[in-house]
Structures are given as C-alpha cells and as structure tokens.
Amino acid sequence: MASYSDILDRLRRSFSEGKTRPAQYRVAQLEALGRFLDENKTELVQCLKKDLNKSPFEGEITELSMVKSEINLAINSLSSWMKDEPVSTNMAMYLDTAFIRKEPFGVVLIISPWNYPVQLTLIPLVGAIAAGNCVIMKPSEISQNTEKVLSEGLARYLDQDCFAVVCGGVEESTRLLAEKFDYILFTGNPTVGKIVMTAAAKHLTPLTLELGGKNPCYVYDDSDIKNAARRIAWSRFLNAGQTCLAPDYVLCSDKIKEKLVAALRTTIQDFYGEDPKQSPDLGRIVSDRHFQRVASLLKGGKIVVGGQTDESERYIAPTILIDVAESDPVMQEEIFGPILPIVTVSGLDEAIQFINKREKPLAAYAFSTNSQIINQFLDRTSSGSFCANDGIMQTTIMSLPFGGVGE
Ligand code: NAD
C-alpha cells in the first residue's frame, strides 16, 4: 500500500503538470462524481442505514441529493467562476488593465465527520474539484460502512492521479496532518478543530474549519405554537439530533411553556408514533461512546416527553426536558442527540442576553408572528446563519454562504 507521502507526491506531480486546470477536466470529474452517486445509490443508502439508521428517504434527501445539487451548481457556474474578474484602475494606471485571477491552491486535504458522512465529504470535494485542485479525503472512521463505499467506490470513478481516499481514525489523521498540504477543509468538533489548526499552522497552510456549537431557538409568546413545535421537532430530531445546525435548546417564557411542551408531545407522536423505537424514521446514535455521552445528558432537568434509552440499539427517544438550569450538563456542551431542553426566560431581552453570554452559535432561530421581534432578535444576536419561523431550512438555499462566526 502506498504511503501518504507517495500519494501526495503522485497528486502533486499531477497538479504541477496542470492536469486539473482545464475546465473540461473539472467538468468530467464532477460528472464522474455524479455517476458514482447515481450508480451506487442503493449501496450508499444502505450504508447510511447501517451507520446511523437513516431511512432511505432521509439518506437521499439530506445526503445524496444535496451533493447532486452542488455538482449541478458547480458545473453550471464553472465558466463564470473561472473567469478573470476585472477591477477598475486608478489615474496612474489609466491605460492598463487589472484583474483578479482565480487559481487553484494545489493539493487539498478534506477531513470529514460521521453525522452526514456522504455530503460532508463530497460537498467540499465538489468545491475543490471545481476550483482545480487535487484532493485527499479522510472520511470518518466511525461511520465505517460509508467510509468503505467512499474509499472503494470513488477510486473507480475519479482520476486516481489527482484524487485519493485515505481510511482510518486519529492515528491516520495525525500522520496525514504532519504532511504539507496547500489547503485543509475540516468539518468536526471544536476540540479537534484546534488540533487541525495547530498542525496547519506548522506549515502555514490555509484552512477552513466547519465546527459545532449550541444553537439557540427562541419562541416568542405570539408564535403559532403548533407550527413552531412541528418545525423545531423536525429539525431537532432529524438524524437523531446529530446535525450541527439543529436547534440545541429552546428559550421561551413561562406563559407558553406548557402549550409548547404539549404541542411538541403531539408532534413527536405524529412523527414517530406511540413508540418511537419502532419508527423507521428515527435514527440511532452513531457509536457506544456517543450513546454514553448523550444518555448522560438526560440527568438534570425534568423529562416531560421521552427519556427512554436502549443501549443495545444505541436508541434514545426524542426527549423534551424542562426546568433546566444553566449549570446542568445538557447546557454545557453541544448535545448532538435527540434531546431538547427548554429554558425559561422572561422575554426577548433576557433571551438575547442568554445567547450573547455564550460563544457565537453556528445557527440561531426565532419564532414569532411579529416581524419587529424577529428583526430585533436578528439585529442583537450574531450567528453563522439565522432562520425565522423554521429550523435548518437556510441550508437548502444554495446561494447563501455557509459557515460559523468566531468559534
Ligand atoms: P470529530 O472532530 O471527532 O471528527 C472529525 C474528523 O476528525 C474525523 O474524520 C476524525 O477521524 C478526525 N479526528 C478525530 N480526532 C482527531 C484528532 N485527534 N486528530 C486528527 N483528526 C482527528 O467530529 P465528529 O464527532 O465526527 O463530528 C461531530 C462534530 O462535527 C460536531 O461538533 C458537529 O457540530 C460538527 N459538525 C459541523 C458541521 C459544520 O458544517 N459546521 C457539520 C457537521 C458536523
């Protein structure tokens, strides 16, 4: 088996020869990636089922079709993205032309997590191919079935002189990170993000970090409670809560708390039936370690919906917690599981104070029928993205940028 430096040498040689530069080459690789998705759809969907118990519908909508849309966007936009961008000159340069030329970086490393193991590996890949780079991908070892299909399958579709998949966990990642790359795209948790950034700093390699955090969701008194409950429950419990953009906790006043809990209870029953464990639509926690971590967050606060667990299946029922204190474990870290704590606040001002005391979240949500409340929330908080009266739907708008702010 080739060593990492052999793989890098191979990719670097192809890059220096200019293999990835022509637009036709980039389009051909993007089309090959599309064929990989189409021709291996059944296998990919089965792997997502094995790794995370994603239903075929969920696997297709939240993973495969997201990558397909990204491929289409890249192919349709490529010629305009690649064009030199003219800029205006000044008096001294009056007769000259000035422009910005878009250049590929070189060899890019993509390190991805297990929660959306297909799209979080392949969407960065689409960008890297479109920009004319060679790429080494390191999918998560935890979603092991998907890791296997990606590593074996992609090699049959993409040009092996320019694209490679490396399997493994911390040890392999660490060895890879010791090598010099020209750009690193990392998605994962903030602790590992710091390790990746430190490794990149040694080579002064530029990087993009897509991390996690606790996303607040404020429900104002005048909200359409039934609608809010359905949209919050859908976005929180999708993929068993293992979504970086999911609402992590709810802030609302005491006045509407009971009504909101009742609406969430009805919604959970509606979505997952009397016994959510039997539902084909509810995912499972990805590993025993993560199951232990998420289950331990059930201590603290009062369980008013759900709370059941089954370690043998890594099952945790969609759970609503009330009477949650700021000091409870569930409020100390990103939950990344099917638990939704509700914290009561007196009103909008206290909700905003509560949010602004913490790290800036990856996403923030507010529910209200009054646009002034929404606008005040938006003006006085800061987050990677914001969505009013819905959860995580902002990610479906392809022309919006994606990312966090600060940590
Ligand atoms: P993780 O950080 O544990 O793992 C991500 C990748 O890093 C994996 O490929 C893993 O093998 C590698 N890795 C793990 N430890 C490492 C180490 N010590 N040195 C080098 N590499 C190492 O993340 P995860 O648990 O797979 O994913 C969950 C996290 O990802 C959550 O915090 C979530 O919010 C975040 N996330 C963010 C986004 C986003 O777009 N912002 C999307 C999905 C997930």
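**Rings and a strand residue**

Let's begin with the aromatic side chains: Y218, Y220, F377 and F386 are joined into a cluster by ring pairs. Keep in mind as you look around that this is a predicted model.

How many aromatic pairs are there by this rule? The count comes to eight. A pair of aromatic rings is described by the distance of the centres and the angle of the planes. Take W114 and F336, which make an edge-to-face pair, with 5.5 Å from centre to centre and 75° between the planes. Where do these two sit in the chain? W114 is in the loop between β3 (107-111) and α5 (119-130), while F336 is in the loop between β13 (319-322) and β14 (339-344), so the pair ties together parts that are 222 residues apart in sequence. As for solvent, W114 is buried, and F336 is buried too.

Rings can also have a charge for company. Have a look at F354: R358 lies over the face of this ring, 3.8 Å from the ring centre.

Now hop over to A388, which belongs to strand β16, residues 385-388. Is A388 buried, exposed or partly exposed? With a relative accessible area of 32%, A388 falls between the 20% limit for buried and the 50% limit for exposed, so A388 counts as partly exposed. Leaving aside residues up to four places away in sequence, A388 touches A366 and I374. If you'd like a long-range yardstick, try F36: A388 and F36 are 352 residues apart along the chain, and their C-alpha atoms are separated by 36 Å.

Definitions and conventions
Residues numbered from 1 in each chain as written. Predicted model: local features only at pLDDT ≥ 70, side-chain atom pairs only at ≥ 80, totals over all residues. Heavy atoms only, no water. Helix = DSSP H or I, 4+ residues; strand = E, 2+ residues; numbered from the N terminus. Buried < 20%, exposed > 50% of the residue type's maximum accessible area, 1.4 Å probe, protein only. Contact = heavy atoms within 4.5 Å. Phe/Tyr/Trp six-rings, centres within 6.5 Å; stacked < 30°, edge-to-face > 60°. Lys NZ or Arg CZ within 6 Å of the ring centre and 35° of its normal.
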